[in-house]
Amino acid sequence: MSLISDLALILIVAAFVTIIFKKLNQPLVLGYIVAGFIVSPHMPYTMSVIDKANIHTWADIGVIFLLFSLGLEFSIKKILKMGASPIISSMIITFSMTFLGFVVGRFFGWEQMDCMFLGGMIAISSTTIIYKAFTDMGLTQTKFAINVMSVIILEDILAVVMMVMLSTIAAGNSLSGSQILGSLIKIVFFLVLWFVIGLFAIPLILRSVRKYLNNETLLIVALGLCCLMAVLSTEVGFSAAFGAFVMGSILSETVEAERIEHLVEPVKNLFGAIFFVSVGMLVDPVILVKYAVPILLLTLTVLLGKIIFGTLGYFLSGQPLKTSMRCSFSMAQVGEFAFIIASLGLSLGVIAKFLYPAVVAVSVITTFLTPYMIRAGEPAYNLLTRILPKYWVRRLEHIQAAPTYNPINERYWHRLVKSMISSTLIYSILSIAVIAVMFSVLLPYLRNISVEWFNVEWVGNTVCGVVTLALISPFLRSILMKINHSEEFRILWIRNRLNRLSLIGTMVIRGFVAMGFVFYVINYLSRFRTALIIVVALIVLLLIVLSRTLKARSISLERVFVQNLRNRDLHAQIRGEAKPHFANDLLDRDIHIGTIEVPEGSSWAGKSLSSLELRTRFGVHISSIIRGSRRINIPNGSVHIFPNDKIEAIGDDEQLTKFSSAIEHDVIDYDVDIETREMKLRQIVIASDSPFVGKSIQESGLRDRYNCMVVGIEQGQQKLTLINPNIPLVSGDVIWVVGEEKDLKNIGG
């Protein structure tokens, strides 16, 4: 019963506090933390949570669903399309802030593990807070805001990896370079394995049962897959939250991703609220007072560190100084991942209890300062340009990440090597996974049967070897032959004879990699001499290359994988939701493309583009209007706007911001008296002294004067529903009238 009472207390207090925070236009995350602080066992009054263990369990579930939802918003293709600029920025900011947090922690004399977790906590900015601040300030369509959102998405990915690293280091209580390197290799191995297998299998499964997936079953399937991957993640030594994130990322590439995201949102909101309330429950006021000075210094560290390293990161990635400073000022806060990383440290028992409430306090302070920091970005830039020498300012303004000259030959070599490394890595990991499963599961079973039936082990070894080589043969063939048929390989081979020796060298390297797998399998299962094993391995590879069946099989597997990877994009194109290809080119210039949705209550609805005069008023150009599954490209002035239309407009930051703000605020006011405007049916008997006697329904003014409608009439024994408006009303007639209560009262009987 304590679980229900605690949950009731948490949700009721959270409801009241979040309503207040919503009215004050503050982030709901802070409201949850304050609610947790109110019901905390540290408070002197009796209205507090009884059993914190139950709440921690619910909070752990909340973290899983939070990261699962984050994974649904993450897309491998989106990250690859971002280019190098946001990757450079996020890496510089995250690693610099992590190091800075570690140094500040050591300055306070804290333990080494506390300092490591502190660095991870302050390194990641808040996606939720930044997005809300941009929305409230009408900056979502600005160019610098788009840059910030790209970087914080990558920061969230780095935070997930950081959680895995910290948990691995904490488990071994060691900071050796070899352990960190081993952890990175382990993360990369399982990430690639899970993504490849998941992106191959899960879309096929969902496609086969799609006709049975209503909202209820799809929700259960999605949450089941989330929990399954969370369990698998813990089995291989990672956190459950990491597995949930991976499954969300896999599902994000499916056609059902948007439905799943919509269905999971209420579940995420519930358990996420409980998690953030539990964050507030762990805040001890005594610790806040005791560590007030470190909290203030940490707050200054976050603000100054994010400004300095953020500006440096964006600037080195090719952004102008003004844009870099506006971006860095926007990211000067501690995000939700600080709480998740802190909870991880507490659950592992490797960080001091004071660190959690201290970081929560820093997060609360920096969150409140976020809107002011965003506004301060441009004035700070103006101040800096006045202080610095004019020569420095001119040099800084003109330093850009200029495209370097890249000859055609070098460009093709770059693409070829990149493709070769990625494909070899992926197929090698798949081969390792198959060999590991075969040797740990199938081999012991076959050996036992072999000893029992034939009294020797070599029969079981032989069968296991043949099955293993058969399973990995499509992967080995892809390692050997896939790159040889690529466009880059063909062009380099034909264009210059000097390339051929190097291309043959790449074939030899891939041959050694493939032969290494065959050699390992044969050597592990047999007692042949090394020379004989090499000969057998070469024969096996030759058969793999010459086999037409294997060729068709490997091509088929790869086509299925690529189709699954592109399914969501193709579906978006069919529905007319994909942005045009020129959008990415516009982002490199002063103008870019923004998508603004027309609110349901917009006063623009029903008006034509010509009457709205958008080009004259805002200077924007409307390139497309997306309406449901229909895309209207290059609409003319006669096209009308409808609620929920998505308008793709081209313009600069100022133009798009004004346009977005106008369409969002030009909304018809909500009818606050809607409850009193219920339509009612009333029966009215025409009395002899009624003003309606002798008048027809049309002449009575029931519609025009009283705002009511006659839906039926009884004249004696005759009941009419198909009413003639010219029929005169006489005493004793009964009319059935529909209208609002106040209007019906105005009609005399």
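How many aromatic pairs does the structure hold? I began with this question and, working on a predicted model, I found 14 aromatic pairs in the structure.

**Aromatic rings.** I then looked up one of these, tyrosine 427 with phenylalanine 475, and noted that the pair is stacked, at 6.3 Å centre to centre and with 25° between the planes. I traced the two residues to distant parts of the chain, tyrosine 427 lying in helix 19 (residues 408-454) and phenylalanine 475 in helix 20 (residues 458-481), 48 residues apart. Both tyrosine 427 and phenylalanine 475 are buried. Elsewhere I recorded a cluster in which ring pairs link Phe107, Phe108, Trp110, Tyr291 and Phe354.

**Whole chain.** For the protein chain I listed 30 helices and eight strands, and of its 749 residues 46% count as buried. Among the contacts with a separation of 6 or more, I noted that 77% come from residues 24 or more positions apart. The chain exposes about 38600 Å², of which carbon and sulfur atoms supply 64%.

**Helix 22.** I checked the length of helix 22 (residues 498-525): at 1.5 Å a residue its 28 residues should span 40 Å, and the end C-alpha atoms are 42 Å apart, which agrees. I also went through its buried residues, which include Asn499, Arg510, Phe517 and Leu525.

**Glutamine 319.** I placed glutamine 319 in the loop between helix 14 (292-316) and helix 15 (321-330). Is glutamine 319 buried or exposed? I entered it as buried, because its relative accessible area is 15%, below the cut-off of 20%. Its side chain is joined to that of asparagine 147 by a polar contact of 3.4 Å, and, leaving aside residues up to four places away in sequence, glutamine 319 touches Ser85, Asn147, Tyr314 and Ser324.

**Salt bridges.** I counted six salt bridges. In one of them lysine 322 meets glutamate 378, with the closest N and O atoms 3.3 Å apart; this pair links distant parts of the chain, lysine 322 in helix 15 and glutamate 378 in helix 17 (residues 355-387), 56 residues apart. Lysine 322 is partly exposed, with a relative accessible area of 31%, and glutamate 378 is partly exposed, also at 31%.

I closed with the network of salt bridges that links Glu740, Lys742 and Asp743. Lysine 742 bridges to glutamate 740 at 3.6 Å between the closest N and O atoms, and to aspartate 743 at 3.5 Å, N to O. Lysine 742 is exposed, with a relative accessible area of 52%, whereas glutamate 740 counts as buried at 7% relative accessibility and aspartate 743 counts as buried at 9%.

Terms used
Residues numbered from 1 in each chain as written. Predicted model: local features only at pLDDT ≥ 70, side-chain atom pairs only at ≥ 80, totals over all residues. Heavy atoms only, no water. Phe/Tyr/Trp six-rings, centres within 6.5 Å; stacked < 30°, edge-to-face > 60°. Helix = DSSP H or I, 4+ residues; strand = E, 2+ residues; numbered from the N terminus. Buried < 20%, exposed > 50% of the residue type's maximum accessible area, 1.4 Å probe, protein only. Expected span 1.5 Å × (residues − 1). Polar contact = N/O pair within 3.5 Å; in protein donor to acceptor, adjacent residues only side chain to side chain. Contact = heavy atoms within 4.5 Å. Areas by Shrake-Rupley, 256 points an atom, 1.4 Å probe, with all protein chains shown as cover. Salt bridge = Lys/Arg side-chain N within 4 Å of Asp/Glu carboxyl O.
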